[in-house]
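User: Could you take a close look at one helix pair for me and put it in the context of the whole fold? Keep it chatty, but give me the cut-offs.

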Amino acid sequence: MRLPHLHLPYLHVHVHDRPLAGDPHPHNPFHWKLYFCEAIATAILMILGLSAVILLTAPGSPFSSPLMHHPYIQTALCGLCFGLSGTAAAMTPFGKVSGAHINPSVTLAFSLAKRIGGVDALNYMIAQVIGAFLGTAVVYEAGRLIAWWGNMAVAVRYGATVPYGQISIWWAMWSEMFVTAALIAMLYWLAAHPKWKFITPWSGGLFFLIMNPVTAWLSGNSVNFARTLAPALFAGQWTGLWIYVVGPFAGASLAVMAIRMNLLGKLHLLEARLVNFGHHGRVPGLDDPHRKLNHPDDPDHIPPGAGPA
C-alpha cells in the first residue's frame, strides 16, 4: 500500500534552512532566534568582561591594589578575564544557538568567507551592539544601586578602550587591525580542524593573556566595535572611536584574504559557529542546543542522495 505524499512547507524550510552555513532558505530571510541569542550572549560577555576590568584596575578595588606595581601582569589578567568572559558567553545555551560571534569582526569574517548571508550578518552586528549596550547598562545600573561599585566603574570609564594619546593615533589603528587579523586567523584555523575545534571558544583568553602586555597600551585591544561603543556611550568617551571600526574590520578582511590564499594551509569551515558544531548550519533548539541535526534518528534526517543539501 502506497501512502500519499504529504507536502509540509514548514518542515521543508526547517530542513533546508542553513543560515550559518551560508545557505539560508530563500523563504526564510530572517532568523530572530539567532539574533536574540547573539544579543544575550554579547550582553553576558560585557557584564563579565567589564566587571573583571573594573575589579582588576579600578582604584579602591581589593584586586587592583596588589597589581598596581605590576602593570604587565595586570594588563595580562585583564586580557585573560575578558577572553574567558567570551568563553562563558559561548558556553551558555544562547551562545551555542547563535554560534557566539559576539563581535562584529568575527561576523564580518564569517560573511566574507560565505558562511553567513548578508542579511543575517547585518542583523548579527546589530544584535551585538544592542547586547553590548544592555550588558554595559547592567554594570551601570549596578553602580547606581551600589555606590562603591559605581565609583570604581566611573574611575575606569566603564572599561572604555581609548587610543594612547602620546603617539600618533594611526599606531592604535594598525594595532587594532593586526591584533584582529591574528585573532580571526587563530579562531578560523582552530574551528576548521576537527581535532582542535573544541578549543576554539577557550582560545580567546590565552590569546589576550599573551597579546595584552604587548599591544593593549596602544588601543586597549578591543578588536570589537560593539565592545568599545557601549562603554563609550556611558562614559562619554569618544576619542578615536573610528579606529575601532576601521581597524577591526580591516583586520578581519585581511585574515580572510590570507585564508583564501591558503597562507594558513587549506582550511574549510563548515559552519559560522565557534561552538556546538554538527548542526550543518541550521538553528538548534534553545532548550537543547547540543542536539545534532541530520542524524539518522532525527525526524529531519535526509538520507544520502535524497535531495540537495
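Analyst: Here is the pair H6 and H7, with the rest of the chain around that pair.

A word on the ground rules: this is a predicted model, where local features need pLDDT of at least 70, side-chain atom pairs count only at pLDDT 80 or more, and totals for chains, interfaces and linings use all residues. Residues are numbered from 1 along each chain as its sequence is written, and side-chain values use heavy atoms, with hydrogens and water left out.

The protein chain has eleven helices and zero strands; helices (H or I, at least four residues) and strands (E, at least two) are DSSP runs, numbered from the N terminus. Of its 309 residues, 51% count as buried, where buried means under 20% relative accessible area (1.4 Å probe, protein chains only). Taking contacts (heavy atoms within 4.5 Å) with a separation of 6 or more, 73% come from residues 24 or more positions apart.

Now the pair itself. The axes of H6 (residues 118–145) and H7 (residues 147–155) come within 5 Å and cross at roughly 130 degrees. That makes H6 oblique to H7, since angles under 35 degrees count as roughly parallel, over 145 as roughly antiparallel, 65 to 115 as roughly perpendicular and the rest as oblique. Axes here are lines fitted to C-alpha atoms, for helices over the stretch in contact, and angles run from 0 to 180 degrees between N-to-C directions.

Who touches whom? On the H6 side you have Val139, Ala142, Gly143 and Leu145, and they meet Ala147, Trp149 and Gly150 in H7. By class, that contact has five nonpolar, two polar and no charged residues; Ala, Val, Leu, Ile, Met, Phe, Trp, Tyr, Cys and Pro count as nonpolar, Asp, Glu, Lys and Arg as charged, and the others, Gly among them, as polar.

Elsewhere in H6 sits Gln128. At 0% relative accessibility, Gln128 counts as buried. Leaving out residues up to four places away in sequence, Gln128 touches Glu38, Thr42, His101, Ile102, Asn103, Pro104, Thr107 and Ala226.

For context, look at H11 (residues 243–260) too: its 18 residues reach 25 Å from first C-alpha to last, close to the 26 Å expected at 1.5 Å a residue, that span being 1.5 Å times one less than the number of residues. Its buried residues include Tyr244, Gly251 and Ile259, and their cover includes H5 (104–112), H8 (169–192), H9 (203–219) and H10 (225–235). Just after H11, Asn262 takes a positive phi of about 60 degrees.

Terms used
Buried means under 20% relative accessible area, exposed over 50%, partly exposed in between (1.4 Å probe, protein chains only).
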